[in-house]
Amino acid sequence: MQLFIDTANLDEIRKASSYGVLDGVTTNPSLMAKEGISDQEKRIVEICGIVAGPVSAEVIATDADGMIKEAKKLAALAKNVAVKLPLTLPGLEATRTLADEGVDINLTLVFSPVQALLAAKAGAKYVSPFVGRLDDIGQDGMALVEDIIDIYGQYSYDTEIIVASVRSPLHVANAALLGADICTIPFKIITQLVAHPLTDKGLAAFLEDYRKIKSVVH
Ligand code: E4P
């Protein structure tokens, strides 16, 4: 499973990249706003200078023509830009047009299996089901991922599933167990994936035992 980082923060992207496990980046207007960024295009170019894998940048327009115009500008920023469009009727229309022109589209804000079916039919390269936001309203986010995997498998769609809105290491584990293509996760959760109390305890014991031997030898 590929791991993307879900952030517009350059330090987080550089740090995650240094761990050697980062395959791409996803951003959205809220993540840009969190960093106080008004010039999205500049930030996307900066991110593409750090990460060679796909970098998702989201449009603001809500009509198909506006989305197409904005998407073309974003796609021209770097060869690894994937353009995020919302799963709406204008979003589907824009996806078909842009996909036919070779632009990689990530259809976002996906909350149902039939929305994901439409994303694949429209030619999206990626689909982003938001598992955490479903869990937040008492629904089962990972069940949606399972349904999308089943549907795509039945018809051999090659749209890649990006498990998004990830809230915990358990979401990451379940995404991998289900066979999702990609999981996009906040920086904090990347660090949590490494943490295990037995790792810390074991390392402390190894170092302590080594110190004992060293003091006997000297
Ligand atoms: C993914 O592409 C989205 O940017 C993101 O995962 C949304 O996460 P949130 O529900 O925590 O805002």
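**Salt bridges and a ligand site**

Mentor: Lys212 counts as partly exposed, at 47% relative accessibility. The model is predicted.

Trainee: Why is Lys212 called partly exposed rather than exposed?

Mentor: Exposed requires over 50% and buried requires under 20%. Lys212 has 47%, so the value falls in between and the residue is partly exposed.

Trainee: What makes Lys212 and Asp209 a salt bridge?

Mentor: The closest N and O atoms of the two residues are 3.3 Å apart. The cut-off is 4 Å between a side-chain nitrogen of Lys or Arg and a carboxyl oxygen of Asp or Glu, so the pair qualifies. Asp209 is partly exposed as well, at 40%.

Trainee: How far apart are Lys212 and Asp209 along helix H11?

Mentor: They are 3 residues apart in that helix, residues 197-217, which means a separation of about one helical turn.

Trainee: How many salt bridges does the structure hold?

Mentor: It holds 11. One of them joins the side chains of Glu41 and Lys73, at 3.6 Å from N to O. Glu41 belongs to helix H3 (residues 40-48) and Lys73 to helix H4 (residues 64-75), so this pair ties together parts that are 32 residues apart in sequence.

Trainee: Which exposure classes do Glu41 and Lys73 fall into?

Mentor: Glu41 has a relative accessible area of 29%, so it is partly exposed. Lys73 has 52%, and because that is over 50% it counts as exposed.

Trainee: How do you know that Arg43 and Glu46 form a salt bridge?

Mentor: Their side chains meet at 2.8 Å, N to O, and that is within 4 Å, so the definition is met. The two residues are 3 apart in helix H3, about one helical turn. Arg43 has a relative accessible area of 17%, under 20%, and is therefore buried. Glu46, at 28%, is partly exposed. Lys42 is linked with Arg43 and Glu46 in a network of salt bridges.

Trainee: What makes Asp6 a polar contact of the ligand?

Mentor: An N or O atom in the Asp6 side chain is 2.6 Å from a ligand oxygen. The limit is 3.5 Å, so the pair counts. For Asn28, a polar side-chain atom lies 2.6 Å from a ligand oxygen, and for Arg133 the distance from a side-chain N or O atom to a ligand oxygen is 2.7 Å.

Trainee: How much of the ligand does the protein bury?

Mentor: Taken alone the ligand exposes 340 Å², and the protein buries 85% of that. The ligand sits in the largest pocket.

Terms used: Residues are numbered from 1 along each chain as its sequence is written. This is a predicted model: local features need pLDDT of at least 70, side-chain atom pairs count only at pLDDT 80 or more; totals for chains, interfaces and linings use all residues. Side-chain values use heavy atoms; hydrogens and water are left out. Helices (H or I, at least four residues) and strands (E, at least two) are DSSP runs, numbered from the N terminus. Buried means under 20% relative accessible area, exposed over 50%, partly exposed in between (1.4 Å probe, protein chains only). A polar contact is a pair of N or O atoms within 3.5 Å; within protein, one must be able to donate a hydrogen and the other to accept it, and residues adjacent in sequence count only if both atoms are side-chain atoms. Accessible areas come from the Shrake-Rupley method with a 1.4 Å probe; for residues, only the protein chains shown count as cover. On a 1 Å grid over the protein atoms alone, a cavity is a set of points where a 1.4 Å probe fits but cannot get out, and a pocket is an open set with protein on both sides within 12 Å along at least five of seven lines; lining residues have an atom within 4 Å of a point. A molecule sits in a cavity or pocket if more than half of its atoms lie within 2 Å of its grid points.
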